[in-house]
Amino acid sequence: MSASSDVPFREHQSMQVTGRLAPTPSGQLHLGNICAFAAAWLSARSQQGRLLLRIEDLDTTRARPAVEADQRHDLEWLGLTWDVETPRQQARDYEVVRERLSDRTYFCRCTRAQIRAGGGTYPGTCRDLGLTAGTLRFRLPPGAVAFRDRCWGERRIDPGRFGDPVLQRRDGIYSYNLAVVADDWRDRVTEVVRGADLLDFTAVQMRLWEALGAPPPTWLHAPLVVGANGCKLSKSHNGLAIAALRAAGWEPARVWQLILPWLGLAGESLADALELFQPEQMRRGPIVLVDLVDDRVPAPQEDMRWRDALAP
Ligand SMILES: [Zn+2]
């Protein structure tokens, strides 16, 4: 894994479609995660492609090995099978990729507090200081990045609005942006299907693909499931966990009947959806669920569907 000759160059045209399921073992899988995994599964399978499983346990403080077994069980229970498991992130060496990007990187000594005080977006303060230690950042070239999402269509986003991305923290931990691009490159992933929370970050990752001199994968972003007021699902949505639904007597078929319409996909079962899968017909979302523990929040229409589905 350490010699640069081990890093494969990819030729899309001659390669089988390869997608991936990339769970982070930091919590139980819920219906929101499953929407993205279902889209990834349907996309790869509908093209007779391969599907990889990759455990994204980069962040050692959040990764919980005990959760992994439950996540695998949930995926298999729902029929979201994979062909091969690739090395988990903690078992990977990102040195080669970091080295490969070295003419585009620089060290930064700014603290989070300093960046926050300056408005939150890193303004490139240390770009030309020639520092020899600190946080490793990627020097974004100027300008917007155009890419096509298979559901959202043509997108044009300036990654500069996020500031020069961190590739490696000062404690040595690699960043999600670096790891995910490096992993998809090494795993020869040809299509990335994930939640729409990462849609705009695609522009940042496109810059990293470009700097690696490798053809990027295709992109498909699945609708997010959010709580009341558009907020991210939290612990108060534990009732949406696959394990909780299973414990409450749900069968996989019932899960699919519930969430395929959320995704805007035709069919009542996973097999139907596979037959009929058209990524451009997927809805963009977000899918808003009422906070189940707070009845004071007025329920939009989709929340009512969720409540109906919960009823015995
Ligand atoms: Zn700095």
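In what sense, and over how many bridges, do strand S5 and S8 pair? In this predicted model, strand S5, which spans residues 135-138, pairs with S8 in the antiparallel sense, and the pairing extends over 2 bridges. One residue pair can be named within this part of the structure: Arg137 has Val166, in S8, as its bridge partner.

The S5-S8 pairing belongs to an open sheet of 3 strands, ordered S4-S5-S8, in which the pairing is antiparallel. Strand S4 (105-108) and strand S8 (166-168) occupy the edges of this sheet; each has a single partner strand, and therefore one side of each is left without a neighbour in the sheet. On average, and with direction ignored, neighbouring strands of this sheet are turned by 45° against each other.

A further open sheet, also of 3 strands, has the order S1-S2-S3, and its pairing is parallel. The edges here are taken by strand S1 (18-21) and strand S3 (84-85), each with a single partner strand, so that one side of each lacks a neighbour in the sheet. S1 pairs with strand S2 (residues 50-53) in the parallel sense, and this pairing comprises 4 bridges. For Gly19, the bridge partner in S2 is Leu51.

A helix is associated with this parallel sheet: helix H1, formed by residues 31-46, lies across S1 and S2. The direction of helix H1 is at about 160° to that of S1.

Notes: Residues are numbered from 1 along each chain as its sequence is written. This is a predicted model: local features need pLDDT of at least 70, side-chain atom pairs count only at pLDDT 80 or more; totals for chains, interfaces and linings use all residues. Two strands pair if DSSP finds at least two bridges between them. Axes are lines fitted to C-alpha atoms, for helices over the stretch in contact, and angles run from 0 to 180 degrees between N-to-C directions. Two residues are in contact if their C-beta atoms, placed from the backbone, lie within 7 Å.
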